[in-house]
Amino acid sequence: MILMALTISCSRNGDESKAKALLEQAQNHFDEGQYQEALTLIDSLRSAYPNAIQARKEALVLYQNVELKKSQEDLEQVEKDLQTAKSNYEEKKSQVDALKASGRVGGQDIRSLNFAKKTLDSLEIAL
C-alpha cells in the first residue's frame, strides 16, 4: 500500500515536471505572439497530464491571457478596417456625388458606393 502511494506520488511529480515543460513552451509561444500554438500546447498539457494540478492552474491563467490578447488584437484590426472602410466610403460618396451633379453617374458607380456602404455597416455592427 505504501509502495503504491509512493509510486503514484512519483508519477505525479514526473507528470508535473513534464506539464511544466509544456507550459513553459506555451508561454514562449505566447510571448512571441504565436497564440494558436500556445493554445495547442495548453490543450495538450490538459489532456496528457490531468493530475498535474499546479501546472494546469498556471495553464488556465495563461489560456485566459492568450484569449484576452487575441481578442484585443482582433478588436484593433476591426477598428483599423473600420477606419479604412469609412475613408473608402466617404471617397466613393464624394465621387458619386460629383458624378451625379454632372449627370454622368452610372450603375457601376452606384454599385461600388453601395458595396462600400455595406462593408462599412458590417464593420460597425462587428463593434
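Trainee: Where do Arg 46 and Asp 43 lie, and how far apart are they in sequence?
Mentor: This is a predicted model, and in it Arg 46 and Asp 43 form a salt bridge with their closest N and O atoms 4.0 Å apart. Both residues sit in helix α2. Their spacing is about one turn of the helix, that is, three residues.

Trainee: Is Arg 46 buried or exposed, or in between?
Mentor: Buried would need under 20% relative accessible area, and exposed over 50%. Arg 46 has 40%, so the label is partly exposed. Its partner Asp 43, with 38%, is also called partly exposed.

Trainee: Which residue forms a salt bridge with Asp 97?
Mentor: Look in helix α3, four residues away from Asp 97, about one helical turn. The closest N and O atoms of the pair are 3.4 Å apart. Asp 97 is partly exposed at 35% relative accessibility, and the partner is partly exposed at 33%. That partner is Lys 93.

Trainee: How many residues apart in sequence are the parts that Glu 58 and Lys 20 tie together?
Mentor: The side chains of Glu 58 and Lys 20 meet in a salt bridge, 2.6 Å from N to O. Glu 58 belongs to helix α3 and Lys 20 to helix α1, so the pair links parts of the chain that are separated in sequence by 38 residues.

Trainee: What is the nearest side chain of opposite charge to Glu 16?
Mentor: Glu 16 is in helix α1, and is buried without a salt bridge. A salt bridge needs the nitrogen within 4 Å of the carboxyl oxygen, and the nearest candidate for Glu 16 is 4.6 Å away. That candidate is Lys 20.

Trainee: Which backbone nitrogen lies 3.4 Å from a polar atom of the Glu 16 side chain?
Mentor: Beyond four places in sequence, Glu 16 is in contact with Asn 51, Ala 52, Ile 53, Gln 54 and Ala 55. Among these, the residue whose backbone nitrogen lies at that distance is Ile 53.

Trainee: How far is Asp 15 from the nearest side chain of opposite charge?
Mentor: Asp 15 lies in helix α1 and touches Tyr 49 and Ala 52, leaving out residues up to four places away. Asp 15 is buried and has no salt bridge. The nearest side chain of opposite charge belongs to Lys 18, at 5.0 Å.

Trainee: Which element gives the most residues to the largest nonpolar core?
Mentor: That core has 17 residues, and Ala 19, Phe 30, Leu 45, Leu 62 and Val 66 touch the most other members. The elements giving two or more residues are α1, α2 and α3. With six residues, the top contributor is α2.

Trainee: Why does Leu 82 count as buried?
Mentor: Leu 82 is part of helix α3. Beyond four places in sequence, Leu 82 is in contact with Leu 120, Leu 123, Glu 124 and Leu 127. The cut-off for buried is under 20%, and Leu 82 counts as buried because its relative accessibility is 7%.

Trainee: Which element has the lowest mean pLDDT?
Mentor: The chain averages a pLDDT of 91, and helix α2 has the highest mean among the elements, 98. Over residues 2-10, though, pLDDT stays under 50, and the model has zero contacts there beyond four places in sequence. Where pLDDT is low, the predicted coordinates should not be read in detail. The element with the lowest mean, 77, is α1.

Definitions and conventions:
Residues are numbered from 1 along each chain as its sequence is written. This is a predicted model: local features need pLDDT of at least 70, side-chain atom pairs count only at pLDDT 80 or more; totals for chains, interfaces and linings use all residues. Side-chain values use heavy atoms; hydrogens and water are left out. Buried means under 20% relative accessible area, exposed over 50%, partly exposed in between (1.4 Å probe, protein chains only). Lys and Arg count as positive and Asp and Glu as negative; His and the chain ends are not counted. A polar contact is a pair of N or O atoms within 3.5 Å; within protein, one must be able to donate a hydrogen and the other to accept it, and residues adjacent in sequence count only if both atoms are side-chain atoms. Contact means heavy atoms within 4.5 Å. pLDDT is the predictor's confidence in each residue, from 0 to 100. A nonpolar core is a set of buried Ala, Val, Leu, Ile, Met, Phe, Trp, Tyr and Cys residues joined through side-chain atoms within 4.5 Å.
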